[in-house]
Amino acid sequence: MKRIAIFLSAASLAVTGMISCEKEPDTEAPVPVESVSLDKNALAIVLVIDETKTLTATVYPETATDKTVKGESADPETASVDENGVVKGLSAGETVIFAITADGGKTARCDVSVLEALSGHGYVDLGLSVRWAACNVGADSSEEYDAARAIWGAPWQLPTKAQVVELLETCEWKWTEMNGCSGYKVTGPNGNSIFLPAAGWIQGSSLLEEGSCGSYWADERWSHMLDYGEHLYFNGNANYFDNIGMPRFDGASVRPVVGSAE
């Protein structure tokens, strides 16, 4: 019995010695890039000529060894992108900005629309009687909103009832999201589109129905009560011109229009 015990102890020592002699690796194995994303998704950037906005790329996993990303523009004459992700509108049109990882060539994309501008505000020709502003008054991008009654100056104006009805009846309306903001993508007969966010409406100091409905002023007063204003109303199930209106002291979004492109 003693010999067996001694033999086992010796074997254990031999195994321990073998393990202790193995050489530890000098460096850890590199962690490859699996994917890359951008902070703004497709159709998220609307610029006017000479305007800039910044895209931020995130590489996954966080432990990836080489997180180098470069930007490329499918049409550098329409919009450029530099090494810091700054996108600049150069001429009216549409293009795609790609983020490409140095490791593995993983890509993310962002569609970019560069618009003509009037008084510094971009507009979209939907093929209708007027051109519609790309953003609400007080907003810096099409998915943002602000019910403040700011003034852009002539020739910008609130849409008339006829112009709102034209938008409703002539365009295709699709409930969607842009950068987490719900609203309608409205596409005109010529294929161009604008995004109307579901900004809700303001009563007193309270913002109501944000993300579920949109209320946009028209340049009309309700004929029965002049302190009521007519407006465009929509939610995820319906969109229509409300000729009964809402009190003019309540707050609604403002999407200006300007004369036709002709």
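1. Is Lys-70 buried, partly exposed or exposed in this structure? In this predicted model, Lys-70 is partly exposed, with a relative accessible area of 48%. The side chain of Lys-70 meets that of Glu-72 in a salt bridge, with an N to O distance of 3.3 Å. Glu-72 likewise counts as partly exposed, at a relative accessibility of 35%.

2. The structure holds 2 salt bridges, and the other pair to consider is formed by the side chains of Arg-109 and Asp-111, at 2.5 Å from N to O. Here the two residues fall into separate accessibility classes, since Arg-109 counts as partly exposed at 43%, whereas Asp-111 counts as buried at 18%. The value for Asp-111 should be read with the cut-off in mind, because buried means under 20% relative accessible area. As general background, side chains of opposite charge can pair when their charged atoms come close.

3. A polar contact in the model involves Thr-101, which is found in strand β8, residues 93-101. Thr-101 is buried, with a relative accessible area of 3%, and the side chain of Thr-101 reaches the backbone nitrogen of Lys-106 at 2.8 Å.

4. Strand β7, residues 86-89, can be described through its two partners and its two faces. Strand β3, residues 52-54, pairs with β7 in the antiparallel sense over 3 bridges, and within this pairing Thr-54 stands opposite Val-86 of β7. Strand β6, residues 79-81, also pairs with β7 in the antiparallel sense, again over 3 bridges, and Ser-80 has Lys-88 in β7 as its bridge partner. The hairpin of β6 and β7 has 4 residues between the strands, and in this hairpin Gly-85 takes a positive phi near 80 degrees.

5. The faces of β7 deserve a separate comment. Val-87 and Gly-89 make up the covered face of the strand, while Val-86 and Lys-88 make up the uncovered one. This can be read against the general rule that in a regular strand the side chains alternate between the two faces of the sheet. Of the bridge partners already mentioned, Val-86, which Thr-54 stands opposite, and Lys-88, which pairs with Ser-80, both belong to the uncovered face.

6. An open sheet of 4 strands has the order β10-β11-β12-β21, with antiparallel pairing. The edges are taken by β10 (117-118) and β21 (257-259), each of which has a single partner strand, so one side of each is left without a neighbour in the sheet. Within the sheet, strand β11 (residues 121-124) and strand β12 (residues 130-133) pair in the antiparallel sense over 2 bridges, and the bridge partner of Tyr-123 in β12 is Ala-133.

7. Which residues line the largest cavity? The lining consists of Trp-132, Pro-159, Val-164, Leu-196, Tyr-216, Trp-217, Leu-232 and Arg-255. By class, these comprise 7 nonpolar, no polar and 1 charged residues, and the charged one is Arg-255, because Arg counts as charged whereas Trp, Pro, Val, Leu and Tyr count as nonpolar. About 50 Å³ of space lies in this cavity, and a search of the whole structure finds 1 cavity of 30 Å³ or more. The lining also touches on the sheet of the previous point, since Trp-132 is listed there and strand β12 covers residues 130-133.

How values were computed. Residues numbered from 1 in each chain as written. Predicted model: local features only at pLDDT ≥ 70, side-chain atom pairs only at ≥ 80, totals over all residues. Heavy atoms only, no water. Pairing = 2+ DSSP bridges. 1 Å grid on protein atoms, 1.4 Å probe; cavity = no way out; pocket = protein on both sides within 12 Å on 5 of 7 lines; lining within 4 Å. Points joined across faces, edges and corners; volume = space filled by probe spheres on them. Buried < 20%, exposed > 50% of the residue type's maximum accessible area, 1.4 Å probe, protein only. Salt bridge = Lys/Arg side-chain N within 4 Å of Asp/Glu carboxyl O. Polar contact = N/O pair within 3.5 Å; in protein donor to acceptor, adjacent residues only side chain to side chain.
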